[in-house]
Amino acid sequence: MAAGGFVAGDSRVQEYGGRMTFSVVVTSLMAASCGLIFGYDSGVTGGVTQMESFLSKFFPEVQSRMKSPKRDAYCKYDNQWLTAFTSSLFIAGTLSSLVASRVTRRVGRQAIMLIGGVMFLAGSIINAAAVNIAMLIIGRILLGFGLGFTLQAAPVYLSETAPARWRGAFTSSYNTFVVIGILSATITNYFTNRIPGWGWRLSLGLAAVPGVIIVVGAFFIPDTPSSLVLRGQPDRARAALQRIRGDGTNIDAEFKDIVRAVDEARRNNVGSFRRLFSKQYRHYLAVGLAIPIFFEFTGMIVIAVFSPVLFRTVGFNSQKAILGSVINSMTNLVATVLSTFVMDRTGRRFLLIVGGIGMMFCEVAISWVMAGHLGKHQGVTMPHGYATAVLVLICLCTFSFGVSWAPLRWVVPSEIYPVEIRSAGQAMSISVALCLSFVELQVSIALLCGMKYGVFLFYAGWLLTMTIFVAAFLPETKGVPLEAMQSVWTGHWYWRRFVKQDANHESQITSVSAN
């Protein structure tokens with residue numbers, strides 16, 4: 001093996017050559033910009049759904065309920081069609097991400113991002129022009145289709161393009177753009193909320209801006225070397241690898257390992273989803289599913305999307321509720337940028353454990369404050385000082401989330417799967433996450449109405465469980481080339497026994513076949 005290569009199953013992993021080039025930075029930033037539309041569409045709905053101009057047009061019963069002094073403080077926004085406006089994005093993304101896996105193997109990750117951008121444009125135009133609830137839902141479904149395609153392609157694109165030593169930072173840039181999108185949406189809502197009658201249309205229509213960025217950017221970035229080799233274009237793949245690693249860099253070892261990994265993937269091309277559930281790949285599947293499942297049960301997706309609604313619930317007026325959401329989004333951005341600089345130094349496991357513990361304590365504290373002061377003494381809001389305390393605790397919880405689970409949710413699944421099941425594994429992780437997001441967002445307001453402050457204790461219990469799982473079962477992938485990722489499993493105290501059993505089984509099969 002040439003210097004800089006790897007031996008599968010060997011714990012000695014040497015890094016390939018390559019430096020931080022202008023090409024890899026620009027290419028990765030364009031791919032990561034797919035996160036803009038995800039963030040914008042996730043962030044904009046929470047603010048829009050509490051705008052009086054929006055509610056009076058589509059949900060007048062919710063608006064009248066808000067003004068009733070006898071209504072339960074926790075149940076002001078309990079309306080299934082209102083939550084469907086938000087959650088329909090995620091169920092559409094679930095379905096399209098499964099289709100995108102097959103399409104990606106045929107047309108490549110670059111084309112998938114282009115398709116997703118076009119769907120974003122169509123959905124944002126329909127939402128801005130909506131005259132009834134049906135148009136709102138159809139627009140959100142189109143946005144969800146675009147989301148499923150870009151979520152399938154962008155994180156893996158970043159993972160396959162970035163040098164190993166900076167892979168965590170580059171892959172997490174997708175989450176940075178998600179947070180920038182959320183922040184942009186909350187700032188937009190802050191100003192459009194002041195526009196009577198049609199401010200909500202401007203908020204929803206501006207989703208076309210990141211859609212245009214994705215469509216235009218997709219024309220200027222190459223496909224990844226792995227995707228090009230997989231589709232029978234080795235010369236273009238080598239040229240693309242040389243471009244992103246820099247002229248004069250010896251890419252022979254890395255390119256040979258990519259070709260070898262893709263050849264193995266091509267031999268196992270049929271039935272990648274079936275293979276994903278086979279005994280040989282159970283350790284990949286276990287971690288690949290655990291990460292998105294635990295991510296959803298942090299409760300942060302609900303806080304991120306419905307933070308303006310939550311702040312109105314505890315007593316802020318509409319404009320201050322959106323301002324609180326802006327502050328929370330800025331906290332998330334600071335944490336995300338910090339995570340980008342530290343994750344390739346501290347490692348993935350450390351950040352996930354520390355972040356999980358931080359979120360758990362914050363959510364217990366939020367539950368305690370709301371239990372003691374919301375809806376007491378015939379009041380539908382809590383005293384201003386305690387409402388401010390809830391805002392501060394949510395920001396602290398968001399900081400813990402932003403520095404850990406928010407970016408690593410994209411990093412870990414995109415790098416743990418071997419190339420022969422990478423598209424299928426990524427599709428499975430995304431589909432599970434989006435499906436859970438749909439269910440969680442659809443029932444979150446009803447849960448708040450039914451469980452009241454106990455909903456935060458529910459999420460805190462999950463945070464304790466997932467922190468224990470990470471500490472015990474998640475292997476560390478920091479700095480390991482994708483082609484050498486098998487080594488992190490063979491060196492893990494729990495998973496190595498299964499890897500060894502599978503290796504012995506394959507060896508026996510090969511021996512029998514040879515005889």
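This is a short tour of three helix pairs and one cavity, to be followed in the viewer. The model is predicted, and residues are numbered from 1 along each chain.

**Stop 1: helix 5 and helix 7**

Select residues 80-107, which form helix 5, and add helix 7. Helix 7 covers residues 133-161. The axes of the two helices come within 6 Å and cross at roughly 35°. Turn the view until one helix lies in front of the other: helix 5 passes helix 7 in a right-handed crossing. Coloured by class, the contact between helix 5 and helix 7 shows 14 nonpolar, ten polar and one charged residues.

**Stop 2: helix 7 and helix 21**

Keep helix 7 and hide helix 5. Now select residues 419-451, which are helix 21. Helix 7 and helix 21 pack at an angle of about 130°, and their axes are 10 Å apart. That angle makes helix 7 oblique to helix 21. The crossing of this pair is right-handed.

To see where the two touch, show side chains. On helix 7, pick Leu147, Leu151, Gln152, Pro155, Val156 and Glu160. They meet Arg422, Ser423, Gln426, Ala427, Ile430 and Leu434 of helix 21. By class, the contact of helix 7 with helix 21 has seven nonpolar, three polar and two charged residues.

**Stop 3: the largest cavity**

Helix 21 also leads to the next stop, as one of the helices that each supply at least two residues to the lining of the largest cavity. The others are helix 2 (34-48), helix 8 (167-192), helix 15 (282-296), helix 16 (300-314) and helix 20 (405-416).

How many cavities of 30 Å³ or more does the structure hold? There are six cavities of that size. The largest cavity contains about 240 Å³ of space. Select Phe38, Val178, Phe295, Ile301 and Trp410 to find its centre, since these lie nearest to it among the 21 lining residues. The lining of the largest cavity is made up of 15 nonpolar, four polar and two charged residues.

**Stop 4: helix 17 and helix 18**

Finally, select residues 318-346 for helix 17 and residues 348-373 for helix 18. Their axes are 7 Å apart, and the helices pack at an angle of about 120°. Helix 17 and helix 18 are therefore oblique to each other.

Which residues make this contact? On helix 17 they are Ser339, Val342, Met343, Asp344 and Thr346, and on helix 18 they are Arg348, Phe350 and Leu351. The contact of helix 17 with helix 18 divides into four nonpolar, two polar and two charged residues.

Note on methods
This is a predicted model: local features need pLDDT of at least 70, side-chain atom pairs count only at pLDDT 80 or more; totals for chains, interfaces and linings use all residues. Side-chain values use heavy atoms; hydrogens and water are left out. Axes are lines fitted to C-alpha atoms, for helices over the stretch in contact, and angles run from 0 to 180 degrees between N-to-C directions. Helices (H or I, at least four residues) and strands (E, at least two) are DSSP runs, numbered from the N terminus. Angles under 35 degrees count as roughly parallel, over 145 as roughly antiparallel, 65 to 115 as roughly perpendicular and the rest as oblique. A crossing is left-handed if the near helix is turned anticlockwise from the far one by less than a right angle, and right-handed if clockwise. Contact means heavy atoms within 4.5 Å. Ala, Val, Leu, Ile, Met, Phe, Trp, Tyr, Cys and Pro count as nonpolar, Asp, Glu, Lys and Arg as charged, and the others, Gly among them, as polar. On a 1 Å grid over the protein atoms alone, a cavity is a set of points where a 1.4 Å probe fits but cannot get out, and a pocket is an open set with protein on both sides within 12 Å along at least five of seven lines; lining residues have an atom within 4 Å of a point. Grid points are joined across faces, edges and corners, and a volume is the space filled by probe spheres set on the points.
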